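Biologist: Please take a close look at a single part of this model, one strand and its partners, and then set that part in its surroundings. I am new to the structure, so kindly explain each term as it arises.

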Amino acid sequence: MSETPELETAPIPRRNTELVLLILALAVAVGANYLVSLSNTDGFDEGFITQGAVLAGMALVMHIVLRIWAKYADPIILPCVVALNGIGIAMIHRLDLANNDDAATRQLLWTGLAMAAAIATLWLVRDHRILRKAPYTFLVISALLLLLPLVPGLGKVINGARIWIFIGPLSFQPGELAKITLALFFAGYLSTHRDLILLAGRKIGPLQLPRARDLGPMIVAWLLSIGVLVMQSDLGSSILFFGLFMVMIYVATGRISWIIIGLVMVVVAGFFAAQFMSHVALRLNSWLHAFDPSVYDQQYGGSRQIVQGLFGLSNGGLFGTGLGNGRPDFVPLANSDMIIAALGEELGLIGLVAIILLFVILISRGIRAALGSRDAFGKLLAAGLSFTIGLQCFVLMGGVTLLIPLTGLTTPFMSAGGSSLLSNWIIVALLLLVSHNSRRPALTGPLNERDMAAAGPDISAKAKAREEEDARRRAKKAQAKVATPPRKGDTA
Amino acid sequence: MSDLFLTALRLGFLILLWILIMSIIAALRRDLSIGKRAKTGEPTAREVRKNPELAPEPAPPAKKAARTLAILEGPLSGTSLDLAASPILLGRAQEATLVLEDDYASGRHARLFPQGSRWFIEDLGSTNGTYLGENQLTRAQPVEIGQPIRIGKTVMELRP
């Protein structure tokens, strides 16, 4: 971390660039919704107007908020996210038309709420460094969030996983928020304990092994993810939490030995899970023998979903069937787990690659904010948070394309689901704050006039006011001198 | 609405998606350019001709070099320390060059170091802060001869 050279970008607030890109991104989002409305068989659907209005309104409010409170934030992040979110809503709306559902309205509501939460985060936090002060609070909050679904009466089992809580008509996945609080804890803990972990330990060959007692938190994280796996039967979140910790400790120390130890732990846990946990074994089986008719037709945990998704992708081909022209509704859970397959069918490889590129750009901007960040906490936080988005995309797209076993994670910003949207928009707000801090002009060396001008209008204005005051006082003194010439004769 | 028109719209959407990606990449390319202020080293003559504000500031008039650090107030009042060309650590810790017996000073409180012909003072993250004149230090600042430096109850100044 300290070895990496500081990367400098020109300290220019690039909000106008952001505005131009944002308008393009909104054109993409509204265009997608318009195309879906056009393809409605019951005549033209007016839904895209409200969808476009909500998305555009909230995006512009967020843009203005950035102009006020995070002037130097990265200009690329917001347009990427808005485009992804808009395409997601369009696809969910399109699947609603096929399935006679109303998931798009719920998604739109959650989008508005999530963006409001992001704006609130920007406003409340301002400087991400205040979050570093109480890492253990975030650990406690994470543990509480993860335990909530296990409370009888509150939690409920859906699709074999106990990760939901129900309060009246509202449902929520607290584990989604836990990934943020866990990232905050890891970043706070590792930024203060980094030196200890880094310096102590024995060296065996090229590997520097950490001390047993420094392994403590690692083992806690491992147990936590195993606990999530066993108690809640949620393979996806368990992979996400462990991956997050492994990456953050690697970023903090730069030691490859942590990755090796972590991977060994994953292999051991994965082996036992496959042996003793029926749903993990089912997932593995439907991955290895996806095209086997007996696996395909299985009542529970069969491969029908994945195989239908693959057929959809192949039906889409290079250019896709066009929004509203394919049959993505054949795929079970097409609007949440399998939304990538639905998009691949209707937008084709060309559209899907564009979507993946949007994710890649978003994640690279997050990592860029981490590289430029001047404090260890910000570096770790931005790296960890952007990695969670990347890992989620990889696990999900890998599952849909049969590269790895499919697990129940959501596609960030696209899948139908409020908790995922909410937490991902908060992540975006945190990334924007870290990037604002890392791109802000640094004050180093002795103070001079140019620094004052660059430090912001209020400082230079104050300095100018002070100068003017001085000048006025000097002028007054000079006047006073002129007005009352020394009177020689008085005393004499 | 004809099918041809719909197909054209759908292709148009894909093109729009890629226009967005290309504009983002164009914006990224500009983003990677190094800012002029971030550059280190002296600007070249050509750069100065293009941007007059880059011209190096005229060298300050030669001043007498500081030779001693005199303590004016506080427990060590009246003593003074000869300055060599090496940095000086101020604080309560035993390894400090000037050990301040001041309850309001931190172990490693501040550092006084020469750079060129001037001395700079830098706060080392002390609890109660270091004051130069009336202002609390937020980063390294040059110290003029006769300008009071305050750490806790100790006040000192540079003397020629």
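Modeller: Two strands pair if DSSP finds at least two bridges between them; strands (E, at least two residues) and helices (H or I, at least four) are DSSP runs, numbered from the N terminus. The model is predicted: local features need pLDDT (the predictor's confidence in each residue, from 0 to 100) of at least 70, side-chain atom pairs count only at pLDDT 80 or more, and totals for chains, interfaces and linings use all residues. Residues are numbered from 1 along each chain as its sequence is written, and chains are lettered from A and ligands numbered from 1 in the order in which they are written.

The part I have chosen is strand β11 of chain B, residues 154–159. Its side chains alternate between two faces: T154(B), M156(B) and L158(B) point to one face and are buried (20 or more other C-beta atoms, placed from the backbone, within 10 Å of their own), whereas V155(B), E157(B) and R159(B) point to the other face and are not buried.

β11(B) has strand β1 of chain B, residues 68–73, as a partner; the two run antiparallel and are joined by 5 bridges. Within this pairing, T68(B) has R159(B) as its bridge partner. Strand β10 of chain B, residues 149–151, also runs antiparallel to β11(B), with 3 bridges between them. Here I149(B) stands opposite M156(B). β10(B) and β11(B) form a hairpin with 2 residues between them, and G152(B) in the turn has a positive phi of about 60°.

To place these residues in the interior, one must turn to the nonpolar cores (sets of buried Ala, Val, Leu, Ile, Met, Phe, Trp, Tyr and Cys residues joined through C-beta atoms within 7 Å). The largest has 134 residues, and F186(A) and M248(A) have the most contacts inside it. Helix α13 of chain A, residues 339–372, gives this core its largest share, 15 residues. Another core, of 14 residues, lies apart from it; I149(B) and M156(B) are among its members, as are L90(B) and L112(B). The opposite pair from the hairpin thus appears together in this second core.

L90(B) leads to another region of chain B, where it stands opposite A110(B) in β5(B). Strand β3 (residues 88–91) and strand β5 (residues 110–115) of chain B pair in the antiparallel sense over 3 bridges. They belong to an open sheet of 5 strands in chain B, in the order β4-β3-β5-β6-β9 and with mixed pairing. At its edges are β4 (98–99) and β9 (141–143) of chain B, each pairing on one side only.

As to confidence, chain B averages a pLDDT of 78, and 78% of the residues score at least 70. Over residues 35–39 of chain B the pLDDT is below 50, and this stretch has 8 contacts (C-beta atoms, placed from the backbone, within 7 Å) in the model beyond near neighbours in sequence. Among the elements of chain B, helix α1 (residues 3–31) has the highest mean pLDDT, 89, and helix α2 (residues 45–50) the lowest, 64. For the complex, the predictor gives an ipTM of 0.81 and a pTM of 0.73.

By way of background, chain A has 17 helices and 5 strands. Buried residues make up 47% of its 492 residues.

Conventions: Buried ≥ 20, exposed ≤ 12 C-beta atoms within 10 Å, placed from the backbone. Contact = placed C-beta atoms within 7 Å.
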